[in-house]
Amino acid sequence: MALLLCTLCACSTNKVKKDAPTTSSLPPATAPVSVIVANAPLPDQVPGAETPPTPREFRAVWVSTVANIDWPSRRDLSSDKQKAEIIAILDQAVALKLNAIILQVRPAADAIYPSAIEPWSEFLTGEQGRPPMPYYDPLQFWIEQAHARGLELHAWFNPYRARTAVSKSNAARNHVSKTIPEVVKQYGDLSWMDPGEPAALQQTIAVIGDVLRRYDVDGIHIDDYFYPYPIKAANGSEVDFPDEISWQKYLMSGGTLSRTDWRRSNVNHLVEAVNTLVHQEKSWVKFGISPFGIGRLDKVPAGITGFSQYDKLYADVELWLANGWLDYLSPQLYWPINQAPQAFKVLDAYWQSQNPQQRHIWPGLYTSRIDHTEHSWTADEILNQVDALRGQGSDGHVHFSLIALKQNRKNISQRLASEKYTSPALVPASPWLENTNIAPPQLTLSEVKRNISVRLADPENTRWLAIWKRTDQQWLFSVQPASQLTIDVKNGAPAAVRQITVMAISRSGQESLKANAMM
């Protein structure tokens, strides 16, 4: 008869700040800080040794669809080839021990999924408004395949861009430039929705709300394109964004802000509105923003200089953090560690210091700066940046972008996997989203002890299973989707397994009490 096993021990909420290897040796009880060990007696001394702390680190990569940077690789791929590329990307992410994909679903007021609001993206099929053939839903496929592999999927939206410099297709009839042309402005070689027009805000909110309601995404993500990066005229002067009409409407309505403060207010309204929308629709979904990496120049530490997103993009990121209008911030720290005017460690510490609500700070790394030119970064630069973030207490980062990892430039992927991502890791919990206890699973060991069946107390709110396997020498950590309710006892274990400990992980990352199975 199968044996029903009970929950034996309380959960651990410790976060790993250093490398978390695949294995943790037993003994000793102490080890270098970069190694997780189990501070527990040897297996033959107690019936159920205490597991090590659960490895926690956000390890994500941006997947750009704009200009076919990352996926799909071309605009003329069949649906089957697009799917094959998705599967290859996700399999590589698992091999690297990443745990999240940030997928660009709206590059320029278009969609890589079926939408009643905006047209199909030309970067899928070469023509805006044309669906993939044979027909399928790319976003749904991405989500299903990512979740099946234990990966989160965050939907990344460009909030205001309406046309890129590399766009070739004519605008579809249901594109914003056709449906509400008065809100779209030409700025250099870009078309841009005017953030000062209420209809532009309503369009973006409607698009994000539609995805939230129809898709099981783990995060909503917006990038650094608020007002566009300034362009220059032939004489070298900056060209002002053409929002005179919306500015005059604001003044006529009784507005009293200066023009720059008004622009920042427009962006603030967007950020606050998206944050409210996300958590009203699905409380467990994370809202993240990836702004330019330098904050307000009147606040940053002495010696930091550079482009001012506060004055040029009208992004008051410090205010968003102060008000808790996001769940994670991924400032684009796209400079080498030794570049003093944009010092990597100083900027990371600055953003950590601007975080009174204790939201996640998961900086963006410029991994694609590793290339085959004479100006290429070394792989060591990125590896050292990962170490620098961990050394300053960070629990996550994001790579821009997939292409560098996919091509394994200068062995960056191989070295990340072997030197930095030596264990799978869970995404850090966000207790402010759903700070509720999640009940532990029940485990049933098969008669021949080859597998364990898992019964969940709250299937709707359980996203992952965190699994520790103990041999006589080591602990082995793995993660599998909560839809997979069978654990193979021997899978991944080089020796006989003596104990398996399982925790249910909620959608917001909370972990349950532990359920133990003794072999």
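**Exercise 1. Where is Lys185 found, by strand and residues?**

Before you start, note that this is a predicted model, in which local features need pLDDT of at least 70, side-chain atom pairs count only at pLDDT 80 or more, and totals for chains, interfaces and linings use all residues. Residues are numbered from 1 along each chain as its sequence is written, and side-chain values use heavy atoms, with hydrogens and water left out.

Solution.
- Step 1: Lys185 sits in strand β8, residues 184-187. Helices (H or I, at least four residues) and strands (E, at least two) are DSSP runs numbered from the N terminus.
- Step 2: Check the accessibility of Lys185, which is 13% in relative terms, so the residue counts as buried. The cut-offs are under 20% relative accessible area for buried, over 50% for exposed, and partly exposed in between, with a 1.4 Å probe and protein chains only.
- Step 3: List its contacts (heavy atoms within 4.5 Å). Leaving aside neighbours within four places in sequence, Lys185 touches Leu190, Ser191, Trp192, Asp194, Phe241, Pro242 and Ile245.

**Exercise 2. Work through three salt bridges and place each partner.**

Solution.
- Step 1: Set the rule: a side-chain nitrogen of Lys or Arg within 4 Å of a carboxyl oxygen of Asp or Glu. That rule gives a count of 29 salt bridges.
- Step 2: Take Asp210 and Arg214, whose closest N and O atoms are 2.9 Å apart. Both lie in helix α5 (residues 198-214), four residues apart, about one turn of the helix. Asp210 is buried at 14%, whereas Arg214 is partly exposed at 39%.
- Step 3: Now try Arg507 and Asp216, with closest N and O atoms 3.0 Å apart. This pair links distant parts of the chain, 291 residues apart: Arg507 is in the loop between β23 (499-506) and β24 (514-518), and Asp216 in the loop between α5 and β10 (219-222). Arg507 is buried at 16%; Asp216 is partly exposed at 27%.
- Step 4: Finish with Glu244 and Arg259, whose side chains meet at 3.0 Å, N to O. Glu244 is in helix α6 (residues 244-252) and Arg259 in helix α7 (residues 259-281), so the bridge ties together parts 15 residues apart in sequence. Shared partners then join Asp240, Asp243, Glu244, Arg259 and Arg263 into one network.

**Exercise 3. How do the axes of helix α1 and helix α13 cross?**

Solution.
- Step 1: The axes of α1 (residues 79-96) and α13 (residues 412-420) come within 9 Å and cross at roughly 40°. Axes here are lines fitted to C-alpha atoms, for helices over the stretch in contact, and angles run from 0 to 180 degrees between N-to-C directions.
- Step 2: That makes α1 oblique to α13. Under 35 degrees would be roughly parallel, over 145 roughly antiparallel, 65 to 115 roughly perpendicular, and the rest is oblique.
- Step 3: For the residues involved, Gln92, Ala95 and Leu96 in α1 meet Ser413, Leu416 and Ala417 in α13.

**Exercise 4. Pick out some unusual backbone geometry.**

Solution.
- Step 1: Recall the background: most residues other than glycine have a negative phi, and most peptide bonds are trans.
- Step 2: Look at omega. The bond from Met133 to Pro134 is cis, with omega near -10°, and a cis bond also joins Phe400 and Ser401, with omega about -10°.
- Step 3: Look at phi. Tyr314, not a glycine, has a positive phi of about 60°; Tyr314 lies in the loop between α8 (309-312) and α9 (317-323) and is buried at 9%.
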